[in-house]
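Hi,

Here is the structure I promised to pass on. Have a look at it first, and my notes follow underneath.

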Amino acid sequence: FPFFAQPVVAGLDADGRGRAYAFDSVGSFSEGAAVAAGAASQLLLPVLDELAPRRHPGHGPAVPRFADAASAKAAALAAFRAAARRDVTVGDAVDLALVTCDGVVRERCSLREGEDAVA
């Protein structure tokens, strides 16, 4: 295979709890409060850990809790931009998709500082 995709999917389950999954090219997956995949995952996770607001549900571990999709997107882009400055294999853009009951909104966001989304 010349190219590999390692998608990360996050959202809310039926009980309103946040879930995040990372998949690899052969179908294996991992689940966690914050997940990352690919060559720069070791660079992404510490930034996500720092940017994700946390709450402690009862006696369980702290889990990320964003106010809305825009704040989650901002944290994800900040993590990818930090990783892109340190690892050339991250690339120049990241594709994001927001899936709601109204449909899917796709966006390709530049990882270079000062650049806006690229179609």
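Let me start with a question: is Ser110 buried or exposed? Bear in mind as you look that this is a predicted model. Ser110 counts as buried, because its relative accessibility is 2% and the cut-off for buried is under 20%. As for where to find it, Ser110 sits in strand β7, which covers residues 103–110. Its side chain also makes a polar contact, reaching the backbone nitrogen of Arg112 at 3.1 Å.

Now the overall picture. The protein chain has two helices and seven strands, and going along the sequence they come in the pattern β-β-β-α-β-β-α-β-β. The chain has 119 residues, and 18% of them count as buried; Ser110 belongs to that buried class. About 8300 Å² of the protein chain is exposed, with 57% of that supplied by carbon and sulfur atoms. On contacts, I looked at those between residues at least 6 apart in sequence: 28% of these join residues at least 24 apart.

At the other end of the accessibility scale, try Leu12. You'll find Leu12 in strand β1, residues 8–12. With a relative accessible area of 67%, Leu12 is exposed, since anything over 50% falls in that class. Leaving aside residues up to four places away in sequence, Leu12 touches Arg17 and Gly18.

Then there are the aromatics. Counting ring pairs with centres within 6.5 Å, the total comes to three aromatic pairs. One of them is Phe23 with Phe29: the ring centres are 6.0 Å apart and the planes are at 40 degrees, so this pair is tilted. The reasoning is that stacked would need planes under 30 degrees apart and edge-to-face over 60, and the rest count as tilted. Both rings also belong to one aromatic cluster, which Tyr21, Phe23 and Phe29 form.

How accessible are the two partners in that tilted pair? Phe23 has 30% relative accessibility and so counts as partly exposed, while Phe29 is exposed, with a relative accessible area of 54%. The cut-offs put partly exposed between 20% and 50%, which is why Phe23 and Phe29 end up in separate classes.

If you only have a minute, I'd open the view on Ser110 and its contact to Arg112, then go over to the cluster of Tyr21, Phe23 and Phe29.

Cheers

Terms used: Residues are numbered from 1 along each chain as its sequence is written. This is a predicted model: local features need pLDDT of at least 70, side-chain atom pairs count only at pLDDT 80 or more; totals for chains, interfaces and linings use all residues. Side-chain values use heavy atoms; hydrogens and water are left out. Helices (H or I, at least four residues) and strands (E, at least two) are DSSP runs, numbered from the N terminus. Buried means under 20% relative accessible area, exposed over 50%, partly exposed in between (1.4 Å probe, protein chains only). Contact means heavy atoms within 4.5 Å. Accessible areas come from the Shrake-Rupley method with a 1.4 Å probe; for residues, only the protein chains shown count as cover. A polar contact is a pair of N or O atoms within 3.5 Å; within protein, one must be able to donate a hydrogen and the other to accept it, and residues adjacent in sequence count only if both atoms are side-chain atoms.
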